[in-house]
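Colleague: I'd like to practise reading burial, strand pairing and contacts from a model. Could you walk me through it?

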Amino acid sequence: MRELLAGDVNEAARALVGWTLLVDGVGGSIVEVEAYDHDDPAAHGFRGRTERNASMFGQAGHAYVYRSYGIHWCLNLVCGPVGVPAAVLVRAIEPTHGLEAMRERRRLDDERLLCAGPGRLCQALGVTRAHDGLALDEPPFELRPPTSAVEVAVATRIGISRAADLPWRYVARGSRFLSRGLPPAQP
């Protein structure tokens with residue numbers, strides 16, 4: 001897993017679709033991610049290291065957790081060499097493990113919406129700032145490779161204003177658990 005994350009952030013993002021992500025045994029199959037590279041003006045590390053984004057500059061295979069709009073936690077998987085800020089934002093998973101815990105945390109029964117979006121996902125999995133900087137291959141985290149091939153579709157990222165035209169959003173084609181559907185195919 002660390003070898004996968006040590007390379008190019010876009011290659012890692014594409015490859016992560018279909019992996020199972022668990023936090024204390026709760027989680028499911030990753031169905032949607034976005035890549036954020038060190039040269040990317042939308043990336044938190046673009047303007048340099050701060051206390052908030054320090055984990056993004058760390059070793060590949062660790063978590064970078066931040067609060068979005070002061071409300072929702074977001075989980076990123078740090079990629080690339082130490083000192084070069086790059087990460088994959090986990091936007092959605094298909095919930096398969098610990099559904100009751102997710103429903104209780106989210107106060108929601110609709111399985112499709114439990115983890116559809118980075119904030120919802122972190123709430124359902126119980127991810128907070130306390131997880132920032134933790135290794136993804138040690139408890140409470142567990143990442144398992146897919147058991148079968150996953151067809152990956154590519155689209156532009158969502159919810160950002162800078163570099164929004166980059167096709168750095170990777171999703172499991174046909175998944176009903178995405179945070180937002182794919183745009184219609186262009187002629």
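Colleague: Let's start with α4. What covers the buried residues of α4?

Modeller: Keep in mind that this is a predicted model. To read a cover, you look for heavy atoms within 4.5 Å of the buried residues. For α4, the cover includes β1 (20-23), β2, β4, β5 and α3.

Colleague: And which are the buried residues of α4?

Modeller: Buried means under 20% relative accessible area. In α4 that gives P118, G119, L121, C122, A124 and L125. That's six of the eight residues, so α4 is largely enclosed by the rest of the structure. Just past α4 comes G126, with a positive phi of about 75°.

Colleague: How do I read α3, then? Which of its residues are buried?

Modeller: With a helix, check burial and then where the residues point around the axis. In α3 (residues 99-106), M102, R103 and R106 are buried. They span an arc of only 100° around the axis, so they sit on the same side of α3. E100 and E104, on the other side of α3, are exposed. As for what lies over the buried residues of α3, the cover includes β2 (26-36), β5 and α4 (118-125). R107 follows α3 and has a positive phi, near 50°.

Colleague: On to the strands. How many bridges join β3 to β4?

Modeller: For strands, count the bridges and note the direction. Between β3 (residues 63-68) and β4 there are six, and the two strands run antiparallel. They make a hairpin with three residues between them, and Y69 in the turn has a positive phi of about 55°.

Colleague: What does β4 pair with besides that?

Modeller: β4 also pairs with β5 (residues 87-97), again in the antiparallel sense, over three bridges. N76 is a handy residue to follow: in β4, N76 is the bridge partner of Y64, and N76 stands opposite L89 in β5. As for burial, six of the seven residues of β4 (72-78) are buried.

Colleague: Last one: is R52 buried or partly exposed?

Modeller: For a single residue, go from location to accessibility to contacts. R52 lies in the loop between β2 and β3 and is partly exposed, with a relative accessible area of 39%. Setting aside neighbours within four places in sequence, R52 is in contact with H44, Y64, Y66, R67 and R129.

Colleague: What links R52 and R67 in particular?

Modeller: A polar atom of the R52 side chain lies 3.0 Å from the backbone oxygen of R67. The C-alpha atoms of R52 and R67 are separated by 9.1 Å, with the residues 15 apart along the chain.

Note on methods. Residues numbered from 1 in each chain as written. Predicted model: local features only at pLDDT ≥ 70, side-chain atom pairs only at ≥ 80, totals over all residues. Heavy atoms only, no water. Buried < 20%, exposed > 50% of the residue type's maximum accessible area, 1.4 Å probe, protein only. Helix = DSSP H or I, 4+ residues; strand = E, 2+ residues; numbered from the N terminus. Pairing = 2+ DSSP bridges. Arc of directions from axis to C-beta. Polar contact = N/O pair within 3.5 Å; in protein donor to acceptor, adjacent residues only side chain to side chain.
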